[in-house]
Amino acid sequence: MTEQEIKQNFSKNLILLRKAKGLTQLSLAEKLNYSDKAVSKWERGDVLPDIVTFRMIADYFEVSLGYLCGAPLPAANEEALKVLLFGEGVVVTDEMWKDVK
């Protein structure tokens, strides 16, 4: 995987996770003790956060570093992510899940 691919995957996944939690860039930035400008740069794929911040983001959203970079989720984590993204009790169709992957 190239650096550009990692940036694109991280960007896509960060936006998805942030919106699933109903957070703005500013509110996420405050939780991480960063500026909303930094979050914006991450989401545009301009830069990646440092490894400590990367870990904080993974821990906050309860996903792996690998997932943030674009690695597929193990089946158990996939179910937890479906609940996070779509809500408890929602039947997630293959079509819905395909858009997330």
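Start by selecting Thr 24, which sits in the loop between α1 and α2. Keep in mind as you go that this is a predicted model. Is Thr 24 buried, exposed or partly exposed? Its relative accessibility is 45%, so Thr 24 counts as partly exposed. Now add Lys 7 to your selection and draw a line between the two C-alpha atoms: Thr 24 and Lys 7 lie 20 Å apart in space, with their positions 17 residues apart in sequence.

**Next stop: helix α2**

Move on to α2, which covers residues 25-32. Which residues are buried here? Pick out Leu 28, Ala 29 and Leu 32. Then turn the view until you look down the axis of α2: these buried residues fall within an arc of 100°, so they line one face of the helix. To see what covers the buried residues of α2, switch on α1, α3 (36-44) and α4, which are among the elements doing so. Before leaving, click on Asn 33, just after α2, and check its backbone: phi is positive there, at about 65°.

**α2 against α4**

Keep α2 in view and bring up α4, residues 51-61. How do the two helices cross? Their axes come within 11 Å and cross at roughly 110°, so α2 and α4 are roughly perpendicular to each other. The crossing is right-handed. For the contact itself, show side chains for Leu 28, Lys 31 and Leu 32 on the α2 side, and for Met 56, Ile 57, Tyr 60 and Phe 61 on the α4 side. Coloured by type, the residues of this contact come out as 6 nonpolar, no polar and 1 charged.

**α1 against α4**

Leave α4 on screen and select α1, residues 3-20. What angle do α1 and α4 make? They pack at about 40°, with their axes 11 Å apart, and are therefore oblique to each other. This crossing is left-handed. Show Phe 10, Leu 14, Leu 17 and Arg 18 from α1 together with Phe 54, Ile 57 and Phe 61 from α4, and you have the residues that make the contact. Here the division is 6 nonpolar, no polar and 1 charged.

**Last look**

Finish with Ile 57 and Phe 61 of α4 highlighted. Both take part in the contact with α1, and both also meet residues of α2.

Note on methods:
Residues are numbered from 1 along each chain as its sequence is written. This is a predicted model: local features need pLDDT of at least 70, side-chain atom pairs count only at pLDDT 80 or more; totals for chains, interfaces and linings use all residues. Side-chain values use heavy atoms; hydrogens and water are left out. Axes are lines fitted to C-alpha atoms, for helices over the stretch in contact, and angles run from 0 to 180 degrees between N-to-C directions. Helices (H or I, at least four residues) and strands (E, at least two) are DSSP runs, numbered from the N terminus. Angles under 35 degrees count as roughly parallel, over 145 as roughly antiparallel, 65 to 115 as roughly perpendicular and the rest as oblique. A crossing is left-handed if the near helix is turned anticlockwise from the far one by less than a right angle, and right-handed if clockwise. Contact means heavy atoms within 4.5 Å. Ala, Val, Leu, Ile, Met, Phe, Trp, Tyr, Cys and Pro count as nonpolar, Asp, Glu, Lys and Arg as charged, and the others, Gly among them, as polar. Buried means under 20% relative accessible area, exposed over 50%, partly exposed in between (1.4 Å probe, protein chains only). The arc is that of the directions from the helix axis to the C-beta atoms.
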